[in-house]
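Work through these exercises with the model open. Try each task before you read its solution.

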Amino acid sequence: MVVKVYGPAYGAPKRVLLCLLEKEIEFETVPVDINAGENHNPDFLKLQSQGTDLLGKTIEEQGLVNQWLEVEAHRYHPPLFNLELHVMFPDVVVRNEQVIKESEEKLGKVLDVYEDRLSKSKYLAGDFFSLADLSHIPFTCYLVGPIGKGHMIKERKHVSAWWDDISSRPSWLKVLEICK
């Protein structure tokens, strides 16, 4: 199966093209005329998995998705990655209990912010599943699994409900099945 990239003349698809070329992955392009509204054509919209618009439908939603992606990248992922390294890979990185403690504290503070946010909406960017939620799944799975810090999720009511929801999505369950 060849990857199809829709709308290659626009900025976001160019990122995809660049990544595919860097990785030497074969692809084909399919032009989409946004000015003519082709991106709103029902056949084009069917390409969205389960009708999910992972980036948001409005400029406000898109802004919130981007905001939470930044939080994930700069506040959530770094301490979680340190936990992963020091707990799961002691042969690669010498286990450092101080780093583990500091990382857990930093991650706890971020999860407290998430708890507040998720008390007001079902998902991080609003009441729709987005790329902001999706990007948390793979590494949070390590947190609740092999890292053994699932209590950090479960002790926060809204974060726990969010995690239960996003980690039981059919797409994630399929990823787990593929990776067995």
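Contact here means heavy atoms within 4.5 Å. The model is predicted.

**Exercise 1. Find the contacts of Leu143, leaving aside its neighbours within four places in sequence.**

Solution.
- Start with the leucines: Leu143 is in contact with Leu80, Leu83 and Leu107.
- Add Tyr76, Met152 and Ile153.
- Finish with Gly148, Lys149 and Gly150.

**Exercise 2. Describe the largest nonpolar core: how many residues has it, and which helices supply at least two residues each?**

Solution.
- The largest nonpolar core has 29 residues.
- Those with the most contacts inside it are Tyr76, Leu107, Leu111, Tyr114, Leu143 and Trp162.
- Now place the core on helices. α3 (59–88), α4 (97–118), α6 (137–144), α7 (151–154) and α8 (157–166) each supply at least two of its residues.
- The largest share, seven residues, comes from α3.
- As background, nonpolar side chains in soluble globular proteins tend to be buried together.

**Exercise 3. Decide whether Leu111 is buried or exposed, and find what it touches.**

Solution.
- Locate Leu111 in helix α4.
- Check its relative accessible area: 0%. Buried means under 20%, so Leu111 is buried.
- List what Leu111 touches, not counting residues up to four places away in sequence: Tyr76, Met152, Ile153, Arg156 and Val159.
- Take Arg156 from that list. Leu111 and Arg156 are 45 residues apart along the chain, yet their C-alpha atoms are separated by 8.0 Å.

**Exercise 4. Examine α4: its span, its start and its buried residues.**

Solution.
- Span: α4 has 22 residues and reaches 30 Å from its first C-alpha to its last. That is close to the 32 Å expected at 1.5 Å a residue.
- Start: a side-chain oxygen of Asn96 reaches to within 2.9 Å of the backbone nitrogen of Gln98.
- Buried residues: Ile100, Ser103, Leu107, Gly108, Val110, Leu111, Tyr114, Glu115 and Leu118.
- Cover: α3, α6, α7 and α8 are among what covers these buried residues.
- For the spacing, recall that an α-helix has 3.6 residues a turn, so residues three or four places apart point the same way.

**Exercise 5. Explain why Cys19 forms no disulfide, then check Cys141.**

Solution.
- Count the disulfides: the structure holds zero.
- Take Cys19. The closest cysteine sulfur, in Cys179, is 20 Å from its own, so a bond is ruled out by distance.
- Take Cys141. Its nearest cysteine sulfur is that of Cys179, 10 Å away, and Cys141 is in no disulfide.
- Cys141 has 22% relative accessibility, so it counts as partly exposed.

Notes:
Residues numbered from 1 in each chain as written. Predicted model: local features only at pLDDT ≥ 70, side-chain atom pairs only at ≥ 80, totals over all residues. Heavy atoms only, no water. Core = buried A, V, L, I, M, F, W, Y, C linked by side-chain atoms within 4.5 Å. Buried < 20%, exposed > 50% of the residue type's maximum accessible area, 1.4 Å probe, protein only. Helix = DSSP H or I, 4+ residues; strand = E, 2+ residues; numbered from the N terminus. Expected span 1.5 Å × (residues − 1). Polar contact = N/O pair within 3.5 Å; in protein donor to acceptor, adjacent residues only side chain to side chain. Disulfide = S-S within 2.5 Å.
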